[in-house]
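Dear colleague,

Here is the structure for your files. My notes on it follow below.

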Amino acid sequence: MSMEDQVEKCIKILDKAAKEKEEWRKERMIKDMIEVLRRKRKLYLLPRILKAYQRYLKRKKGILVFAREPDREVLEKIKTTFRDVFQESQMTEMKINKDILGGFIIKTENFLIDASIRGLLQKVEEELTTYN
Amino acid sequence: MEIAEYLKKEIDRLATEVKVEEIGEVLEVKDGIVKISGLKNVKSMEVLEFKEKILGLAVNLERDEVGAIVFGDYSKLKEGDIVKRTNKILSVPVGEVLIGRVVNPLGKPIDGKGDVSYKEFYPIERIAPSVIEREPVNFPLHTGIKVLDALIPIGRGQRELILGDNITDRTGLAIDAIINQKNEPKRPVCIYVAIGYKRMEVARIIKTLKKHKATDYTIVVCASASDPSSLWYLAPYAGCAMGEYFMDKGKDVLIVYDELGRHAYAWREISLILRRPPGREAYPGDIFYLHSRLLERAGKLSKEKGGGSMTAFPILQTQAGDVTAYIPTNLISICDGQIIMDTELRLSGQRPEVNIGLSVSRVGSNAQTKAMKKVAGKLKLEIAQFQELERFLGFAEEVDEETRKRLERGKRLREILKQERGTPLPFEKQVAIIFAGTRGFLDKIKLDQVKRFERDLFLYLENQKPDILRKIRETKDLDKETEEDLRKAIEEVRRRYINLTNSSPTG
């Protein structure tokens, strides 16, 4: 098994542990994993596993940016559509950024939907200033 | 009011619908190489867009990361920056508008003559023409350099490597070949690709081309020493794509890659930063393919494909004359021959410093004109015999008459093959002087007067007997009648010399 495969297996264990509801189960799963790594003399992989897990969490995370607090109804609608389109990610973070002027931005690891007024104005600027 | 209306119209025209863009995020930036997370569906060699319109190229696709080379100022990039897919394979602008211009490997003019409106783009990487789309090299490419056209003839569609040490003038040889195309009947479009040269040197080369009015049919692609290695890597492929446009249109192209050693360094640098496993001399495993896929794109197309051709002159600098190093052996095996420039010959005053014994042209002799074949047939043998004799008899004081004659003729043949930079010679004049040398007309002329004789002969032929030169030029042959006329003309000039110097055979 290559190093990448070993790291990936560990991430799966960590992900499973994260889904456990009871704290003692979580702790036990992680301790067991570390014990296996120790026995197999693979403890040096821990920093790599941590980095890969952080990246994995980031990949799963979707960010939704609004210019101002949205209506609950609108938010729910966006969240549902988001789940349908980006099945791999969950929308876990919402930010308010007045700089985008209006509309919203959705960002995951692989996709970006810029439906903001700032984005639209940037497109207009680009179109008007680019020489064809 | 008019401006407002215009703006309104432009804004209405804009596509304002929201699109899902595929993105990634910069993880690391180091020496022009960027590691990116995300970009799930990115393709190999796809163009990426960083902030401030900086472009990059995806070259390494790994499980969780993408390795990309950056074409612009990578110091502006930082961790966390967004990278967008463009769904485009890297292409360069092509077309007649590029002729006479100096562009960077992305096709952007850098000669200060303003922007160019491009209509067509060609991909940087392209599969070379297949076997059935090609035909053998059958038309000569006259370089105007006597030693090449007579002894190492090059055909259109050939790949001829020029290699030599730092001291030798490899670039000058290729530039002379470009200059000589000016008066060629089926003039090829010339492309000079400068890789890793100082801008001052490139400026000097452009000045030389301008001086000889060669910029009218030449494109210069420049990735200078101060450009990032990504542009060095890209330059020959960009030049090749520009050449392919003309080749596809049925035209002939002459492309000079100056020089591929630096191109290999650039790819080694990129590969090591991308953490690709290093092999011999720390070059990556695909270093052979790097050059073979580039040079394979040169060739002669069949009539069905338009009959165009691309002749490539890759240039390579060797270290201490070692042609058995990694990159030289790779390139020698890829090309259809090599011109080896010798340091010792240069130091002894021979110009061009071509080592006749080691240089070969594997396919060009098929394309050599009949006239040149007739006069140069004996030349290589005589020169080889002379060099052998000279080496063995360097210290001998007395030699027999036959050997002495051979030595004297050899010296004169070597003298007529000397040629200064920037003085390419039309093929008909080359035929005339080589004819004079190989047929023994120079044997009784003093060695230090051979060059003067050559000049006088050309003057005489141009002014008194222009028909001889015209006939050779037009028929590309030396028939019995023309040969007799040429013989008489040479005899006429020679008689003046012998009378003038009142000399007997030199010794």
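To begin with chain B, the C-alpha centres of its domain 1 and domain 3 are 63 Å apart. Please keep in mind that the model is predicted. The domain assignment of chain B places domain 1 at 2-89, domain 2 at 93-105 + 126-368 and domain 3 at 373-501.

On confidence, chain A has a mean pLDDT of 85, with 93% of its residues at 70 or more. Among the elements of chain A, helix H2 (residues 23-39) has the highest mean pLDDT, 92, and strand E2 (residues 90-96) has the lowest, 77. Where pLDDT is low, the predicted coordinates should not be read in detail.

Next, the contact between the chains. Chain A contributes 15 residues to the contact and chain B contributes 17 residues. On the side of chain A that touches chain B, strand E4 (111-116) and helix H5 (117-129) of chain A each supply at least two residues. The residues on that side of chain A comprise eight nonpolar, one polar and six charged.

Strand pairing also links the two chains. E4(A) runs antiparallel to strand E1 (residues 20-30) of chain B, and three bridges join them. Phe111(A) has Glu22(B) as its bridge partner in E1(B), while Leu112(A) stands opposite Glu21(B). Within chain A, E4(A) is also joined by five bridges to strand E3 (residues 103-107), again antiparallel. One of the pairings there is Ile105(A) with Asp114(A). The hairpin from E3(A) to E4(A) passes through three residues.

Two local points in chain B remain.

The first is helix H7 (residues 287-295) of chain B, whose buried residues are Ile287(B), Leu290(B), His291(B), Leu294(B) and Leu295(B). These residues lie on the same side of H7(B), because they cover an arc of only 105° around the axis. An α-helix has 3.6 residues a turn, so residues three or four places apart point the same way. The buried residues of H7(B) pack against helix H5 (229-248), helix H6 (260-273), strand E15 (309-317) and helix H8 (326-334) of chain B.

The second is Lys51(B), found in the loop between strand E3 (46-49) and strand E4 (55-61) of chain B. Is Lys51(B) buried or partly exposed? Lys51(B) counts as partly exposed because it has 13 C-beta neighbours inside 10 Å, where a residue needs 20 or more to be buried and 12 or fewer to be exposed. The C-alpha atom of Lys51(B) is 8.6 Å from that of Lys76(B), which is 25 residues away along the chain.

Regards

Key. Residues numbered from 1 in each chain as written. Chains lettered and ligands numbered in written order. Predicted model: local features only at pLDDT ≥ 70, side-chain atom pairs only at ≥ 80, totals over all residues. Domains from an automatic or database assignment. Contact = placed C-beta atoms within 7 Å. Helix = DSSP H or I, 4+ residues; strand = E, 2+ residues; numbered from the N terminus. Nonpolar A, V, L, I, M, F, W, Y, C, P; charged D, E, K, R; others polar. Pairing = 2+ DSSP bridges. pLDDT = per-residue confidence, 0-100. Arc of directions from axis to C-beta.
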